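Welcome, and please have a look at the structure below before reading on. The notes after it are meant as a friendly guide to its sheet, its pockets and a few local details.

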Amino acid sequence: MQAQKTVYKELEGRVSSADGDVAATHVLNISAQKAAITDIDGFFTITAGLNDTLVFSAVQFQRKEIVVTKEILASKLLYITLDPALNALNEVVVMPFNLSGELGRDMNRMEIDPPLTAASLGLPNAFVKKMSQAERKAFSAGAGGPLLSALNAITGETKRLRLIQEREAKYTRTEFIRKAYHDSLYVKELKIPVDRINDFMYLCEIDSSFTALDKKDNLRIWEFMLQKSVAYRKNYELELP
């Protein structure tokens with residue numbers, strides 16, 4: 001009896017981390033000997049088949065491995081969260097100023113000056129909201145004078161950067177809503193398996209009715225997700241627990 005031939009597909013995903021520094025993360029399919037690198041926003045595309053092993057690696061992150069399942073192959077976008085690398089330092093003992101070596105006792109005895117910040121120094125830009133990397137690039141594309149602006153418009157660079165900025169804003173908004181509810185609510189109330197929550201949130205994200213809701217209006221958002229979860233389960237033929 002012949003073994004069933006593995007079916008490969010282009011798997012799309014996004015890598016994220018607490019500090020947001022996810023550009024140029026290596027994505028390796030060690031089963032199929034394929035490789036990819038994330039773009040500046042963490043997005044990647046790699047060829048993968050069922051039971052292939054994917055490895056995510058970067059200097060600043062802990063190595064992560066996942067095995068491709070049927071659910072992953074069926075998902076529209078694979079979300080991967082990476083943890084920062086643990087760099088252990090050699091123990092150093094410093095005992096100036098008659099310190100005892102006990103942190104709690106020494107902190108109570110020391111007078112610490114307030115931290116220097118833009119606000120404490122009275123700088124004019126102290127309360128200006130920091131732009132994201134995508135926002136800075138989109139701003140720069142249109143702020144280089146008429147000639148550069150026209151060139152960026154002709155080449156499509158301005159449009160591309162704006163699309164990246166809009167995609168980043170959508171993702172950030174979806175993550176904010178995702179974390180507003182505990183996983184148990186998605187599983188028990190919406191009947192969404194824990195490994196499908198991110199996929200479900202992506203389906204909500206691409207719905208214009210969802211993006212029109214105030215991200216802090218928990219009641220209306222929950223009502224929307226209740227209705228959307230019914231369609232999601234029906235579409236993927238998920239059995240109720």
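What follows is a short briefing, grouped by topic.

The model you see is predicted. An open sheet of three strands is described first, followed by the largest pocket, with a volume of about 580 Å³, and the second largest pocket, at about 320 Å³. After those come the largest cavity, holding about 50 Å³ of space, then helix α9 (residues 218-236) and the loop residue Q60.

**The sheet**

- Three strands make up an open sheet, in the order β4-β1-β7 and with mixed pairing.
- At its edges are β4 (43-49) and β7 (78-81), each of which pairs on one side only.
- On average, neighbouring strands here are turned by 40 degrees against each other, with direction ignored.
- Strand β1 (residues 8-16) runs parallel to β7, and four bridges join the two.
- Looking at one residue of that pairing, S16 has T81 in β7 as its bridge partner.

**The largest pocket**

- Its volume is about 580 Å³, and 21 residues line it.
- Which residues lie nearest its centre? They are R14, S16, S17, G20 and Y171.
- S16 is thus worth a second look: this residue is bridged to T81 and is also among those nearest the centre of the largest pocket.
- At least two lining residues come from each of β1, β7 and α5 (157-178).
- Helix α5 gives the largest share of the lining, with five residues.
- Sorted by class, the lining holds eight nonpolar, seven polar and six charged residues.

**The second largest pocket**

- This pocket has a volume of about 320 Å³.
- Its lining has 17 residues, and those closest to the centre are I72, L78, Y79, D195 and N198.
- Two or more lining residues are given by each of β6 (64-67), α1 (70-74), β7 and α7 (197-205).
- By class, eight residues of this lining are nonpolar, three are polar and six are charged.

**The cavity**

- How many cavities of 30 Å³ or more are there? The count comes to one.
- The space in the largest cavity is about 50 Å³.
- Its lining consists of Y79, Y171, T174, E175, R178, N198, M201, Y202 and E205.
- Both α5 and α7 give two or more residues to this lining.
- Four of the lining residues are nonpolar, two are polar and three are charged.
- Some names recur: Y171 lines the cavity and is one of the residues nearest the centre of the largest pocket.
- Likewise, Y79 and N198 line the cavity and are among the residues closest to the centre of the second largest pocket.

**Helix α9**

- At 1.5 Å a residue, the 19 residues of α9 should span 27 Å, and this agrees with the 26 Å between its end C-alpha atoms.
- The buried residues in α9 include the aromatic-named positions W222, F224, Y232 and Y236, together with I221, M225, K228, S229 and R233.
- Just after α9 comes E237, which has a positive phi, near 55 degrees.

**Residue Q60**

- Where is Q60 found? Q60 sits in the loop between β5 (53-57) and β6.
- Q60 counts as partly exposed because its relative accessible area of 27% falls between the cut-offs of 20% and 50%.
- Its C-alpha is 5.8 Å from that of P84, although the two residues are 24 apart in sequence.

Methods. Residues numbered from 1 in each chain as written. Predicted model: local features only at pLDDT ≥ 70, side-chain atom pairs only at ≥ 80, totals over all residues. Heavy atoms only, no water. Pairing = 2+ DSSP bridges. Axes fitted to C-alpha atoms, helices over the stretch in contact; angles between N-to-C directions. 1 Å grid on protein atoms, 1.4 Å probe; cavity = no way out; pocket = protein on both sides within 12 Å on 5 of 7 lines; lining within 4 Å. Points joined across faces, edges and corners; volume = space filled by probe spheres on them. Nonpolar A, V, L, I, M, F, W, Y, C, P; charged D, E, K, R; others polar. Expected span 1.5 Å × (residues − 1). Buried < 20%, exposed > 50% of the residue type's maximum accessible area, 1.4 Å probe, protein only.
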